[in-house]
Amino acid sequence: MSEAKKQIASAPQPAIEHFDVLVVGAGISGVGAAYHLQDQCPDQTFLVVEGLESYGGTWQIHRYPGIRSDSDLYTFGYRFKPWVGAPIATRDEILSYMGEVIEDNQLDSHIRYQHHISAANWSSEKQRWTLEGTRKDTGEAVRFTSNFLWMCQGYYEHAKGYTPAWEGMDKFKGQIVHPQTWPEDLDYKGKHVLIIGSGATAATLAPAIAADCSHVTVLQRSPTYFIPGVNENELADTLRELEVDETWIHEIARRQILRNQAEFTRRAFEEPEVVKAELLSGVRAFLGDQYDIEKHFTPTYRPWRQRIAFVPNGDIFQGIAAGKASMVTDEIERFTEKGILLKSGEELEADIIATATGFNLSVLGGINFSVDDQPVDFAETVTYRGMMFTGVPNMVWIFGYFRASWTLRVDIIADFVCRLLNFMAAKGYQSVVPVLRPEDADMPLREWIDPENFNPGYLLRSMHLMPKRGDKPEWQHTQDYWLEKDELPKIDLEDSVFKYQ
Ligand SMILES: Cc1cc2nc3c(=O)[nH]c(=O)nc-3n(C[C@H](O)[C@H](O)[C@H](O)COP(=O)(O)OP(=O)(O)OC[C@H]3O[C@@H](n4cnc5c(N)ncnc54)[C@H](O)[C@@H]3O)c2cc1C
């Protein structure tokens, strides 16, 4: 045995704790998973392991000024916990809603914070997962075994956001920050802030800081669609005035919103030009006919190919109309000492540059997955409904929707997982893995999602790392809540797509 191996062999091994189900991540998905496990699988022991010091995931990590949801909380909230505030919510409101879910259901004792998982190995012989990780508060190694692994680790790298490498960045004399790691003490008062990016983050950040800054410039390579509107749900407010029970209001508001969204999605596909004109007239209402909407707010793609951010009260447009913020649509040539030189030759000066340029995709939380000690390359697996993977037993991943609230999928996948776990317990099965059936053998395998259908940058940059999809709905993440809400509950657990042991 080599010296290094001897040292590893003689190092004290952490005690192993076993749970029926291990959930990785305590964001909106992991907390939802915990709720449903407790509610629908009372006989299963479970633990949620979370790398951060608290719950919330995305809403814990992102702390830039103005951070808020871009979808309504009636549908971004869980179906089992009524949302009682304005539809678009701040980070603090979302965290306090999640905190209530944890407290009301005594989920706290099931969550271990500061536990970062780095490796997961499935043993076919033992029919269980072994997870290895580290306690971030003590540095101790931790080990768990579990029968089933429920991955709720999100879809992007949490430690740092995506910033392209531009020439001359090191020469810039001011400060460069990414919204994902926004310094709490960043002093932007009276300063000129240049935000690079045109997505929801830029649209939220700009109006939130504009009043305090000397000026905010939003620099985008290409425009994005926005939906300006009032941050209220008239129907829910009327029902509240009538003293209707909040549980009912939640359900009714969800149904109304989902019907409207389905209609909007249908129209975006069937009459994209009409929808486009409507969206642009919403912007024109704030900026007037003199403003160059064609240049700054007219995307080249058809509506709904990227997420459309709802802008409460058109605040970004109000900032522009008031002269506190301005849009520049151009490309970056390079950074300079004072700011950014554009391809057009213009130089934008700034004290602070915020790169709202998105995420780095992370497939399954950066965990080294192996099955019987053989590393798993997820790009070589085929996804069963965007939640399970061929060759990877007893594992489900929650990857939500792009065009509808993520949490809608948390609830319906949770129903599926709990039904599957109860079915397996009743039948005495220890493991399940999705397998391609004979009729699937010649199925063409494609990228995780069709870029013609949806094409955000973080996915396009890393699509090669994602599992493959087939050409049948069961071998795809269809991104279609309206289809899945009816199909998932009807999945036949005896179908030959599931191989049990
Ligand atoms: C700024 C912002 C706004 C958004 N707004 C919306 C919106 O309005 N509507 C919408 O539908 N979607 C929105 N999204 C998408 C959003 O990320 C999801 O909706 C949702 O919050 C994801 O929840 P999650 O629990 O699946 O993942 P996350 O929120 O990413 O949480 C995953 C958790 O898993 C933990 N974790 C990961 N890897 C490990 C590991 N190896 N070991 C231990 N723990 C680990 C992380 O620390 C994290 O706490 C937004 C995203 C961002 C960044």
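1. A good place to start is the small set of strands: E13, E14 and E15 make up an open sheet of three strands, in that order, with antiparallel pairing. E13 (332-335) and E15 (347-349) are the edge strands, each having a single partner, so one side of each is left without a neighbour in the sheet. On average, neighbouring strands here are turned by 25 degrees against each other, direction ignored. Please keep in mind as you read on that this is a predicted model.

2. Looking at one pairing in that sheet, E13 and E14 (residues 339-342) are joined in the antiparallel sense over three bridges. If you would like a residue pair to click on, phenylalanine 335 has isoleucine 340 of E14 as its bridge partner. As a reminder, strands of a sheet pair through backbone hydrogen bonds.

3. Next, the ligand. Its surroundings comprise 33 residues, and the closest of them are Gly25, Gly27, Gly57, Gly154 and Gly365. Helix H2 (28-40) and strand E4 (115-123) are the elements that contribute two or more residues to this shell. The largest share, three residues, comes from H2. Sorted by class, the shell around the ligand holds 19 polar, 12 nonpolar and two charged residues.

4. H2 deserves a second look, as it also packs on another helix. Its axis and that of H12 (residues 406-427) come within 9 Å and cross at roughly 35 degrees, and the crossing is right-handed. On the H2 side the contact involves Ile28, Ser29, Gly32, Ala33, His36, Leu37 and Gln40, which meet Trp406, Thr407, Val410, Asp411, Ala414 and Cys418 of H12. The contact of H2 with H12 has seven nonpolar, five polar and one charged residues.

5. The other helix pair I would point you to is H7 (residues 234-241) with H8 (residues 246-270). Their axes lie 9 Å apart and the packing angle is about 160 degrees; H7 and H8 are therefore roughly antiparallel to each other. H7 passes H8 in a right-handed crossing. From H7, the contact is made by Leu235, Ala236, Leu239 and Arg240, and from H8 by Ile249, Ile252, Ala253 and Gln256. Six of the residues in the contact of H7 with H8 are nonpolar, one is polar and one is charged.

6. Finally, a question for your own viewing session: which element gives the largest share of the shell around the ligand? That element is H2, with three residues, and H2 also meets H12 through residues including Ile28 and Ser29.

Note on methods
Residues numbered from 1 in each chain as written. Predicted model: local features only at pLDDT ≥ 70, side-chain atom pairs only at ≥ 80, totals over all residues. Near = placed C-beta within 6 Å. Helix = DSSP H or I, 4+ residues; strand = E, 2+ residues; numbered from the N terminus. Nonpolar A, V, L, I, M, F, W, Y, C, P; charged D, E, K, R; others polar. Axes fitted to C-alpha atoms, helices over the stretch in contact; angles between N-to-C directions. Parallel < 35°, antiparallel > 145°, perpendicular 65-115°, else oblique. Left-handed = near helix turned anticlockwise from the far one by under 90°. Contact = placed C-beta atoms within 7 Å. Pairing = 2+ DSSP bridges.
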